[in-house]
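Got your viewer open? Let's take a short walk through this protein, one selection at a time.

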Amino acid sequence: MKKIYEKIVAILFLTSLWIILLSTFLTKDKEYSENENRYLTTKPDISMEEVTSGKFMDTFETYLNDQFPLRDKWIAFKTDIQQLFGKTDINGTYLGNDGYLFEKWTENDFQQENLQKNIESVKNFAQANNDIKGTILIVPTASLPLKDKLPKNAPVFNQNKAFDMIYSNLGKNCEWIDMRPTLEAHKNEYIYYKTDHHWTTFGAYLGYAQWQRQHGNNVQLSDYNITLAANNFKGSLYSKVLNRNSALDEIYLYDKIQKPTYEVHYNLGKTQTDSVYELNRLYEKDKYQVFLNGNHPELTISTNINNNKHLLIFKDSFANAFIPFLLSDYETIHIIDLRYFKGDLNDYINHNNITEYLFLYNIKNFCEDTSIPMLGSL
């Protein structure tokens with residue numbers, strides 16, 4: 001009886017496997033996953049060189065994983081099962097308290113050598129441009145100020161270790177904006193999205209308010225019209241687990257009551273618009289791209305303010321929600337994403353009469369970004 005049972009299980013398994021393989025090959029490849037905000041691997045070409053090198057099998061495995069039939073439903077089902085057994089660490093994401101999801105980042109993930117390279121690159125840039133005022137603003141991940149919402153005993157990287165390395169090496173070369181105390185003081189407020197790794201618009205506002213305080217200015221929430229732009233946002237961390245019981249995040253837009261007129265030019269002037277918000281993005285999966293229409297190699301904002309202040313920002317996507325707060329402060333704001341920018345940086349600085357620069361990154365990205373050392377070669 002046992003042997004018959006084992007044969008039946010084996011037959012069912014092999015039959016299911018063949019059905020899945022046939023379905024994968026007979027179904028048209030899906031090129032883009034809106035849920036994961038990335039392009040998927042399509043059918044790899046077969047060549048003798050790739051087969052003998054083993055590269056074909058690696059690509060083919062990725063292809064099967066990306067094109068797996070009903071892939072999103074399987075991920076959601078897997079999450080349901082894991083939750084049923086009390087698992088809170090799923091696909092590199094912690095399922096925290098009060099509906100919060102956290103990007104898993106442990107001591108083993110910390111790329112200290114890469115961080116040291118990035119620190120050295122920023123330091124060299126600051127010394128080479130010591131006639132330009134520089135500021136560095138590094139944002140902690142949510143697991144630092146919201147540590148009380150993490151699953152019990154969840155292993156996390158001590159971010160203060162990285163912050164101390166950055167400050168001790170760059171504190172004398174750039175003005176330092178330490179967001180940790182401010183975000184800790186507001187930890188019970190909506191400073192990070194529950195389903196996404198970014199800070200909220202209010203979190204970005206707190207960063208801007210601290211920036212202004214350190215320059216001797218004060219701003220108030222009453223200076224802004226605050227609009228609810230979306231109440232059904234499910235972000236990047238949700239995409240990793242597809243938790244059916246996930247929270248719905250809200251996205252707010254802050255517009256200064258007395259704001260200047262301005263123009264936004266994308267990619268060295270190839271595209272122009274009159275808003276830092278791309279409202280069409282609110283109808284897509286990644287609604288965070290409402291800020292500056294996502295990430296671009298280069299972006300310039302020209303205002304009607306004539307104060308001869310020209311700011312250059314080196315950034316990751318955390319800066320996108322922060323930049324709209326700067327509109328009343330500068331004649332021009334220039335934004336460069338080093339991951340995509342291929343121009344001559346020295347020419348860019350001279351051509352645009354840059355008077356200040358800002359490095360604005362999330363701490364994890366600043367530790368892991370491999371494009372920052374390119375500062376010396378651009």
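**Stop one: a ring on the outside**

Select Phe85 and show its surface: its relative accessibility is 71%, so this residue counts as exposed, the cut-off being over 50%. Keep in mind that you're looking at a predicted model.

Where along the chain are you? Phe85 sits in the loop that links α4 (71-84) to β3 (89-90).

Now add Ile81 and Leu84 to your selection. Together with Phe85, they make a nonpolar patch on the surface, about 380 Å² in area.

**Stop two: over to Gln289**

Next, select Gln289. You'll find this residue in the loop between β11 (271-273) and β12 (298-303).

Is Gln289 buried or exposed? Gln289 is buried, because its relative accessibility is 15% and buried means under 20%.

Leave Gln289 selected and pick Asn320 as well. Along the chain, these two are 31 residues apart, yet 8.3 Å separates their C-alpha atoms.

**Stop three: zoom out**

Clear the selection and switch to a cartoon view of the whole protein. How many helices and strands are there? You can look for 11 helices and 15 strands.

Of the 378 residues here, 48% are buried. Switch on the surface again: the protein exposes about 19600 Å², with 51% of that coming from carbon and sulfur atoms.

Finally, think about which parts of the chain touch. Take the contacts between residues at least 6 apart in sequence: 72% of them join residues at least 24 apart.

Technical notes
Residues are numbered from 1 along each chain as its sequence is written. This is a predicted model: local features need pLDDT of at least 70, side-chain atom pairs count only at pLDDT 80 or more; totals for chains, interfaces and linings use all residues. Side-chain values use heavy atoms; hydrogens and water are left out. Patches are made of residues with over 30% relative accessible area and no salt bridge: like charges are joined within 9 Å, nonpolar side chains (Val, Leu, Ile, Met, Phe, Trp, Tyr) within 5 Å. Accessible areas come from the Shrake-Rupley method with a 1.4 Å probe; for residues, only the protein chains shown count as cover. A salt bridge is a side-chain nitrogen of Lys or Arg within 4 Å of a carboxyl oxygen of Asp or Glu. Helices (H or I, at least four residues) and strands (E, at least two) are DSSP runs, numbered from the N terminus. Buried means under 20% relative accessible area, exposed over 50%, partly exposed in between (1.4 Å probe, protein chains only). Contact means heavy atoms within 4.5 Å.
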